[in-house]
Amino acid sequence: MAQFVMPQLGADMTAGKLLAWRKKVGDPVKRGDIIADVETDKADIEVEVFSAGVIEKFLVQPGEKVPVGTPLAIIRQEGAAETTESPKELTGPASPAPATPLAVPLPPTAPLGTPRLHISPAAKKLAAHYGLDPASITGTGPGGRITLQDVERAEQAKTVQPEIEGQPDRQARMRHAIALAMARSKREIPHYYLSTTIEMTRSLAWIAQANLKRSVEERLVYGVLLLKAVALALRETSELNSKWSDGKVIPNADVHVGVAISLRGGGLVAPALHHADRLSVDELMKNFRDLVQRARAGSLRSSELSDPTITVTSLGEQGVEAVFGVIYPPQVALVGFGKIVERPWSSEGQIVSRPVVTATLSADHRVSDGHRGALFLAAIDRRLQEPDTL
Amino acid sequence: MTKEKIREIVLRALGQIAPEADLAQFKPNLRIRDQVDLDSMDMLNFIIALHKELKVEIPEADYPKLLTLDDCTEYLASRQELLAK
Amino acid sequence: MSTPSISERLPVDREHALFLLREMLRIRRFEEKAAELYSLQKIRGFLHLYIGEEATGVGSMQAFAQDDAIVATYREHGHALARGIPARVLMAEMFGKATGCSHGHGGSMHFFDRSRRFYGGYAIVGGGLPIAVGLALADKLRDRQSVTACYFGDGAVAEGEFHESLNLAALWKLPVVFLCENNLYAMGTALARHQSQTDISAKGESYGIASSAVDGMDVLAVETATRQAVEFVRRGNGPFLLELRTYRFRAHSMSDPDLYRTKQEIEEWKKRDPLLLFQAELRQGKLLTDSDTPRIEAEVSAEIDEAVRSAEAGPWEPVERLLDDVQGPAAP
Amino acid sequence: MTKMTYREAVRAALRKALRSDPLVFLMGEDVGGYGGAFAVSHGLLEEFGPERVRDTPLSESTFVGAGIGAALGGMRPIVEIMTVNFSLLALDQIVNNAATLRHMSGGQFNVPLVVRMATGGGRQLAAQHSHSFEGWYAHIPGIKVLTPATVPDAYGMLLTALGEPDPVFIFEHATLYALEGELDEEAAGMNITRAAVRRQGRDVTLITYGGSLGKTLEAARDLAEADIEAEVIDLRALRPLDTPTILESVAKTHHAVVVDEGWRTGSFAAEICAQLMEKAFDELDAPVMRVCSEEVPMPYAKHLEDAALPQVKNIVAAAKQTVS
């Protein structure tokens, strides 16, 4: 039994449309007879059959378009010596993958004389921007080349552990860095401490109302009101937002509130919420959430770590009522908030139960006196009593 | 959606917030915040994760109903929309 | 026809007659099998068949000696077979196998055989003419008695290289036999629509080249004319332009829907099928008996089937050798 | 919008040009009786007659030269050279006359000539029928070189080119003729030299043209699964080259791969690498990679030809190497 298949009728042909059969079932055919008409991209072509015999069955009807090689009819050989059945479909080998990728591998760079630094142009430009010495960066690119990522990682590492060398794991390095900063702060900064109790009824009510109107993703935490209150209060006592550097007070025009964020598994960073005084509560919340997420993912930008102008720490959720923190140099003030608790409260001569929080200030006596600190805390309290002004 | 499936989702949400927590030893009847260190931001992200996974609104007023793993599972199972799924 | 005139045809004995018949039949069956294998996607790319022109290839090839050079075109299966390149090696090449005469690099249009001075098929029309002129120049400069056969079609006559090559060969009296297989069509363009002067042999005169034309369907006439041309060239008289007037029964290539000519015209020419003409002449001359044709058919059929089996079984060239043949070994 | 193949889009442009401008005529090998080697001019001889759809003898040098003369004489010829492979025979006419006459004549003469030819490999036609020389042509000052990769470009570029004062060479990759696409035949004139960003991305820029666009887009899809977002730029024209669009993308991604079917040495891809080195040096985080054809006369056997031509997996590998 021989098969008559859709023939390859040209270099570009991948399929053909059967226009008509020139024979009927049962007709005898010999080699070279025209058996059908097929339509290709170029024209209608008369197609010859290559094996003699009798047409047994048509497998495809006129009008059908089929790929080249598709069986179209069965031809029963009459008694003639069984011709070798049509040569089996020869499939070339699956094209073996070329030995090496076509792209030419990078030429190894032979060091000449003083070891020439192997760094990509873009990485060299970024290192200059960050004020990093390329020679201090280890390259992980091909052939040890220093890449953009290597420079970003070096910049990140710089802020977390400024002078630390050789500390094996990240945790130990961070602990060492915090220790250095806190020790220096205590050594150099004459801290004075103030605290006050702030009644939170209106703020908490405002937050509850606000969250009813917001979707889950935009929901606010009360901490964001505390941050905004601190940022706005600084306008009345701006010296608390300044910087102490080589013996002088340098005022900061911008208010970047550093937020103390504990990292899972230990360690602490206090990245800045830039321009906290100018942002709406919703914007502040969005930036705050993003900052926490990136702090924990270890992908903070260097500017966020290096330029808060004041820091706020809130340990209320760990159950502490009052926090007397250590100032982060070169800042000159630190605000702490404890846990919100229900306390007896006198209102118009009545004793009632009200939610309150203890707000504390650690301040650098070289820059401000208790009097200014007190005004600052009072301003925070006043802001929290008018939450819709935040 | 079965309770077993909900419990599994809650645990997975917790795992995302506190990767270092040992979920296998988690006590379903003890307060969650006693077994793993979560601040208000973590709580918010936990609620958001549940909201995204189960498409259910969780008002702040209901936070007290989510103190333990069992509470969470019961509360979420009882939400009507959930049953309509 | 211009001088020298081909007066009569050389006499032929039975042995040579059967040899010519067998050679033409080998080409015919080889080409029919190639067409079948192309339709089954075993042979790919372009395929240009020689069916109808067998007499020009076989007849002319008899006149060339072992160390003469052959330059052909992409319609080269007949020339390669007549030159003695085994059918299995040609079939393997068209299957793209490493055992092909060009290791699978050339395909149907680019056969090469160094041992038989077969310098290949050329796919750029007219592209082979300058090569043939160069080969003849080398032979002449090395005082060899070799002659170069340069096959091309009527299409090439329109190429600048036809003009440049004939002119240069005549100018330097080079031993080239320009064999123009005029099959009346340059792909889809009839002779009269691409040549102002359709008598191609007459063009030789403008270059001072001896030329003549012969009935390309009559194998003995072709052999006689080519032998005389080669003798003329081998005696150092410079190039010769021999126009072999023939006709192809199949389309230009397997991709050609053949719209530019009529069925009647093809049927008319088939009446002068070189195989039929020659068998009739031999039977009339009592040189061919009834048992000869079936015997020859059987031998040829066996040779073609063996060629297909051998091509089928041949290995692929390993991809790792992809760049090996690009250059010869580095200079010592 | 109508759905049609690339071949039909070129035919529609030819028909529109022939109908709208009596000065336009088509000349080339087998463009008439045979209907074009790639069936592009099928039916045009019957509609416009042998005067305006002219079959030529196989004399590339002569009929391209005749096209230049007719253009000098005020006609608007469209010359079809069957494939770039045969155009080598006409290079003398192209380089020394078509591209040079305006400058050589001190600006007195221009050659408003459009030349179309098929290009590229991948159809097992072996070494002499599989070349990609559009990069050579892009080397020649005085002409424009276009490489339409889409149905709209196949149509719009030809019509717009007919308005150009100087020679325009259009290279149609032979594997694109059956490509299907949407076409708006009423669309206004198009900019034929600005590159197109066919896919936005941020990690690596894949720069290509003509027949390689399809493979490059497929590579971009594969790369996306490996979390690498590739930006794909279709040059559309090789001369003049739209360098600003390339620089803007590389300044964003800092990595680039050029895909070009020409042979690597002296390829058009090499020109792009040179311009990136000259004008985007400080943006590069790794050397620019090239994916070109292996330096071998194109072999006939399918598995060898596939190994010689740029393939999707080579593009993906090059992109991954430069990004790592």
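**A quick tour of the model**

Of the 85 residues in chain B, 19% count as buried. Keep in mind that this is a predicted model, and that confidence varies along chain A, where the average pLDDT is 81. Here's what to look for as you turn the structure around.

**Chain B**
- Chain B has 5 helices and 0 strands.
- Reading from the N terminus, you get α-α-α-α-α.
- Take the contacts in chain B with a separation of 6 or more: 61% of them come from residues 24 or more positions apart.

**The nonpolar cores**
- The largest nonpolar core has 237 residues, and the members that touch the most others are C:Cys150, C:Val177, D:Leu206, D:Val257 and D:Ala319.
- Helix H1 of chain C, covering residues 14-39, gives the most to this core: 10 residues.
- Another core, with 51 residues, lies apart from that one, and A:Ala231, A:Ala233, A:Leu240 and A:Leu279 are among its members.
- Back to D:Leu206: leaving out residues up to four places away in sequence, its contacts include D:Thr216, D:Glu231, D:Val232, D:Val259 and D:Ile315.
- D:Leu206 also touches D:Val257 and D:Ala319, two residues that, like D:Leu206 itself, are listed as touching the most other core members.

**Confidence in chain A**
- In chain A, 83% of the residues score a pLDDT of at least 70.
- Over residues 80-101 of chain A, pLDDT stays under 50, and the model has 29 contacts beyond four places in sequence for this stretch.
- Residues 104-112 of chain A also stay under 50, with 7 such contacts in the model.

Key
Residues numbered from 1 in each chain as written. Chains lettered and ligands numbered in written order. Predicted model: local features only at pLDDT ≥ 70, side-chain atom pairs only at ≥ 80, totals over all residues. Helix = DSSP H or I, 4+ residues; strand = E, 2+ residues; numbered from the N terminus. Buried ≥ 20, exposed ≤ 12 C-beta atoms within 10 Å, placed from the backbone. Core = buried A, V, L, I, M, F, W, Y, C linked by C-beta atoms within 7 Å. pLDDT = per-residue confidence, 0-100.
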